[in-house]
Every structure is written in C-alpha cells, then in structure tokens.
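Open the model in your viewer and keep the selection box handy. We'll go from the whole chain down to single residues, one stop at a time.

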Amino acid sequence: MLKKLTKLLIEQKLVISTAESCTGGLVSSMLTDVSGSSAFVKMNFVTYSNEAKQEILGVKAETLENFGAVSEECASEMAEGLMQKTGCDIALCTTGIAGPTGGTEEKPVGLCYIACRFKGQTIVKKIIENPHLERCLMKQKFAERAINLAYETLSNK
C-alpha cells in the first residue's frame with residue numbers, strides 16, 4: 001500500500017505530514033524510505049508525551065483530561081493541529097497503546113486511533129490488534145494501518 005500511496009501523492013502533487021505517538025516515527029520512516037520522498041513529505045513529529053501533543057499540535061488539555069491521549073478526540077485534534085502547524089495537504093496521526101503493558105479494560109493494549117485529515121475533513125479509525133503481539137510488531141501493524149488509511153482517503157477523494 002505504501003507504493004500506491006506515494007504514487008498518488010506524487011501524481012496529485014500533495015504533501016503529507018505525520019504526528020505519531022504509539023508508532024514512534026515508524027510511519028515517517030516508512031514514507032521516507034521511498035526514494036524521492038522529499039517531493040511529498042513535508043514535516044513529521046513524534047509527539048509521544050501529552051506535553052508534546054499540546055505544545056506542538058495544540059491538543060487541548062481538556063481533551064486529554066476528559067478523553068485521554070488514546071482517544072478519537074485526541075487523534076482528531078492532533079490531525080487538525082498538524083495541518084495548521086505544517087500547512088500540509090494531508091495530515092496523518094497515530095495514538096495508541098503498543099504494550100505489552102499499559103492497557104486497561106477500557107483501553108487495552110492493541111488499541112490505536114489513526115486520524116487522517118484531508119480537504120477539511122478528518123477521518124478517525126479505531127484499530128484493535130491482538131494484545132499479545134510483540135511491541136515492535138504492534139507498532140508495525142499500527143503504522144501499516146495508518147498508511148492504508150491515508151491511501152484510502154486519497155483514493156476516495
């Protein structure tokens with residue numbers, strides 16, 4: 001899906017930016033592994049802490065207090081803030097729990113919210129992966145799902 005996404009970005013002369021929490025820069029790495037990625041990658045951030053989400057992306061303290069960092073609301077605000085900060089055409093953000101610890105019954109290990117903002121609309125997808133996956137594999141699956149969402153968003157324009 002990565003090749004299809006980058007092909008669309010190039011053909012449509014669009015630039016993408018990422019803000020990642022649970023994937024720790026893996027989506028950015030995947031995008032920049034493509035030769036010529038400087039044509040379509042604008043600016044990427046790893047906003048792992050709540051403080052970074054607030055300072056860099058403008059996520060509201062109330063959102064973090066009321067819904068938590070791993071929430072649809074936070075992912076959506078991350079995407080909106082990323083677009084404002086970078087002026088990108090498509091904003092792609094991840095926030096979740098990669099494990100193996102840190103989950104709760106309400107928010108288990110394997111939960112991820114991926115937000116993709118394009119043409120004034122934000123799509124947030126809730127992902128639940130097998131909580132027994134190793135952390136590196138969990139991050140990989142989250143990153144692949146993010147790339148897929150970006151591709152789906154662009155191809156449905």
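A residue is called buried here when its relative accessible area is under 20%, exposed when that area is over 50%, and partly exposed in between, using a 1.4 Å probe and counting protein chains only. By that yardstick, buried residues make up 49% of the 157 residues in the protein chain. What you're looking at is a predicted model, so local features need a pLDDT of at least 70 and side-chain atom pairs count only at pLDDT 80 or more, while totals for chains, interfaces and linings use all residues. Residues are numbered from 1 along each chain as its sequence is written, and side-chain values use heavy atoms, with hydrogens and water left out.

**Stop 1: the whole chain**

Show everything as a cartoon. You should find six helices and five strands in the protein chain; helices are DSSP runs of H or I with at least four residues, strands are runs of E with at least two, and both are numbered from the N terminus. Follow the sequence and the pattern goes α-β-α-β-α-α-α-β-β-β-α. The radius of gyration is 14 Å, close to the 15 Å that the globule rule gives for 157 residues, so the chain is as compact as a globular protein of that length. That radius is taken over C-alpha atoms, and the globule rule is 2.2 Å times the number of residues to the power 0.38. Along the principal axes, the C-alpha atoms fill a box of roughly 45 × 30 × 25 Å.

Now think about contacts, meaning heavy atoms within 4.5 Å. Among contacts between residues at least 6 apart in sequence, 63% join residues at least 24 apart.

**Stop 2: strand β1**

Select residues 16-20, which are β1. Five of its five residues are buried. Ile16, Thr18 and Glu20 sit on one side, with Ser17 and Ala19 on the other. In a regular strand the side chains alternate between the two faces of the sheet.

Which strands pair with β1? Strand β2 (residues 41-46) does, in the parallel sense over four bridges, and β3 does too, in the parallel sense over five bridges. Two strands count as paired if DSSP finds at least two bridges between them. Pick out Thr18 and you'll see Asn44 of β2 opposite; pick Ser17 and its bridge partner in β3 is Ala91.

Add helix α2 (residues 26-32) to the selection: β1, α2 and β2 make a right-handed β-α-β unit. Right-handed means that, with the strands pointing away from the viewer, the path from the first strand over the helix to the second runs clockwise.

**Stop 3: strand β3**

Next select residues 90-96, which are β3. Seven of the seven residues of β3 are buried, so the strand is largely enclosed by the rest of the structure. Ile90, Leu92, Thr94 and Gly96 point one way, and Ala91, Cys93 and Thr95 the other. Bring in strand β4 (residues 111-118), which pairs with β3 in the antiparallel sense over seven bridges. Leu92 stands opposite Cys116 in β4.

**Stop 4: Glu20 and Thr94**

Zoom in on two residues. Glu20 in β1 has Thr94 in β3 as its bridge partner. They are 74 residues apart along the chain, yet their C-alpha atoms are separated by 4.8 Å. Is Glu20 buried or exposed? At 1% relative accessibility, Glu20 counts as buried. Thr94 is buried as well, with a relative accessible area of 1%.

Leaving aside residues up to four places away in sequence, Glu20 touches several others, including Phe45, Val46 and Tyr48. With its own neighbours within four places left out, Thr94 has contacts including Cys22, Met78, Tyr113 and Ala146.

**Stop 5: helix α3**

Select residues 50-57, helix α3, and colour its buried residues: Ala52, Lys53 and Leu57. Seen down the axis of α3, they fall within an arc of 100°, so they line one face of the helix; the arc is that of the directions from the helix axis to the C-beta atoms. These residues pack against β1, α5 (72-86) and β3. Just after α3, Gly58 takes a positive phi of about 80°.

**Last stop: Thr6**

Finish in helix α1 (residues 2-11), where Thr6 lies. Thr6 is buried, with a relative accessible area of 6%. Beyond its neighbours within four places in sequence, Thr6 is in contact with Leu31, Val34 and Phe40.
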